[in-house]
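Okay, thanks for coming, everyone. I'll put the structure up and then we can walk through it together.

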Amino acid sequence: MDIKSFTKFHEKILPEFDRFLTDKLTSEIKQPLLLKSMLYSLNSGGKRVRPVLMLATVYSAGVKYEDLHKYFDIAGAIELIHTYSLIHDDLPEMDNDDYRRGQLTSHKQFGTGPAVLAGDALLTQAFYWIAKSELDASKRMAAVRILAHNAGPMGMVAGQMTDITKEDKQLNIDELTQLHHQKTADLIIAAVTIGAFCADHKTSKELVLYAEKIGLAFQVKDDLDDADDGEDIDKNTFPNLIGKEATEEKLRNLVKDALNAVLKEEKFDKNLLVSFLDYFKK
């Protein structure tokens, strides 16, 4: 099987991966309300971009499609951590959001205490999944190290702290970029680099740069979409700081830099990661 389009890859692998997530959690979590609240947020309509990017990287590095299920534990761990971060982001003490993806946020559906515990459970279960993966020990340890570094206090959590403590202060362009590098890009960087390492592909600076640029591009595109909808008028966003036209130019430059980076990657099928960049053209 030879898939060249990220969209086709995503459509093909997603149903199996979604079943894996639900079946695995259901078989492991026995506390009824905890399981219900974990599945509620995990299956709330997310596109699974981060785990599918990890699996696409594994596939692009030469692993056969029929063997990708061996990497589901690691990809699933990435999605569990992403979901936990959204639950906690929505809490009254953080962003205080009532809805996410068109449905009530976890704390509105189950209460603040259960929402916190659902997030805690997803975070810790992620590392259990990595530890129980059938991949060899060196790959499991690398996944733990990269994920803990990028999702924890040296990465995503640091960005979240900056976000909630600086929301009343206007950030400059460097501060805003650093915030979103940590809060958004670092987990995407983790997905791509873990995928490369687990597939025995040497992680190059070009692949890391690709992941960094698309991670920032995600946030820039979100800022533009929210600006078009009239949201985030008083928040630290790129359109509010540098204007819409400059933000659109920034997005184009990030995508161009990502493309140039991945095209330099050696011994790697570039098609999926190149076609993924079409997401930012919509």
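I'll go through some helix pairs, then the core, then a handful of single residues. Before anything else, keep in mind that this is a predicted model.

So, let's begin at the start of the chain. Helix α1 covers residues 6-28 and helix α2 covers residues 32-42. Which way do these two run relative to each other? Their axes cross at roughly 170° and come within 10 Å. Anything over 145 degrees counts as roughly antiparallel, and that makes α1 roughly antiparallel to α2. If you want to find the contact on your screen, look for Leu21, Thr22, Leu25 and Thr26 on the α1 side. On the α2 side, they meet Leu35, Met38, Leu39 and Leu42. Sorted by class, the contact of α1 with α2 has six nonpolar residues, two polar ones and no charged ones.

Next up is α4, residues 72-89, and I have two partners to show you for this helix. The first one I'll take is helix α6, residues 112-132. Here the axes are 8 Å apart and the angle is about 165°. By that reckoning α4 is roughly antiparallel to α6. The crossing of α4 past α6 is left-handed. As for who sits in the contact of α4 with α6, we have 15 nonpolar, five polar and three charged residues.

Now the other partner, helix α8, residues 156-165. α4 packs with α8 at an angle of about 15°, and the axes are 12 Å apart. Under 35 degrees counts as roughly parallel, so α4 is roughly parallel to α8. What is the hand of the crossing where α4 passes α8? That one is right-handed. From α4, the residues involved are Ile81, Tyr84, Ser85 and Asp89, and from α8 they are Met156, Val157 and Gln160. The contact of α4 with α8 splits into four nonpolar, two polar and one charged.

Okay, on to the core. The largest nonpolar core has 84 residues. Which of them touch the most other members? Those are Phe9, Leu25 and Ile194. The helix that gives the most to this core is α9, residues 173-198, with twelve residues. You'll remember Leu25 from the α1 contact with α2. Phe9 is worth clicking on too. Setting aside neighbours within four places in sequence, Phe9 is in contact with Ile3, Val52, Leu55, Ala56, Tyr59, Tyr65, Leu68 and Leu272.

Let's move to some single residues, and I'll take Asp97 to start. You'll find Asp97 in the loop between α4 and β1, where β1 is residues 99-100. With a relative accessible area of 28%, Asp97 is partly exposed. Leaving out neighbours up to four places away, Asp97 is in contact with Asp90, Thr105 and His107. Lys108 is eleven residues along from Asp97 in sequence, and their C-alpha atoms are 8.8 Å apart.

Ala148 is another partly exposed one, at 35% relative accessibility, and its place is in helix α7, residues 137-151. C-alpha to C-alpha, Ala148 and Asp97 are 26 Å apart, with their positions 51 residues apart in sequence.

How about Asp223, buried or exposed? Asp223 is in helix α10, and at 4% relative accessibility this aspartate counts as buried, because the cut-off for buried is under 20%. Beyond the residues up to four places away in sequence, Asp223 touches Thr237, Phe238 and Pro239. From Asp223 to Ser27 is 38 Å between C-alpha atoms, and the two are 196 residues apart along the chain.

Last stop, the backbone. Where do we find a positive phi in a residue other than glycine? One of them is Asp200, with phi near 65°. Asp200 lies in the loop between α9 and α10, and counts as exposed at 63% relative accessibility. Lys267 has a positive phi as well, about 55°, and is not a glycine either. Lys267 is in the loop between α12 (244-263) and α13 (271-276). This lysine is exposed, with a relative accessible area of 78%.

That's my tour, so feel free to rotate the thing and shout out questions.

Terms used:
Residues are numbered from 1 along each chain as its sequence is written. This is a predicted model: local features need pLDDT of at least 70, side-chain atom pairs count only at pLDDT 80 or more; totals for chains, interfaces and linings use all residues. Side-chain values use heavy atoms; hydrogens and water are left out. Axes are lines fitted to C-alpha atoms, for helices over the stretch in contact, and angles run from 0 to 180 degrees between N-to-C directions. Helices (H or I, at least four residues) and strands (E, at least two) are DSSP runs, numbered from the N terminus. Angles under 35 degrees count as roughly parallel, over 145 as roughly antiparallel, 65 to 115 as roughly perpendicular and the rest as oblique. Contact means heavy atoms within 4.5 Å. Ala, Val, Leu, Ile, Met, Phe, Trp, Tyr, Cys and Pro count as nonpolar, Asp, Glu, Lys and Arg as charged, and the others, Gly among them, as polar. A nonpolar core is a set of buried Ala, Val, Leu, Ile, Met, Phe, Trp, Tyr and Cys residues joined through side-chain atoms within 4.5 Å. Buried means under 20% relative accessible area, exposed over 50%, partly exposed in between (1.4 Å probe, protein chains only). A crossing is left-handed if the near helix is turned anticlockwise from the far one by less than a right angle, and right-handed if clockwise.
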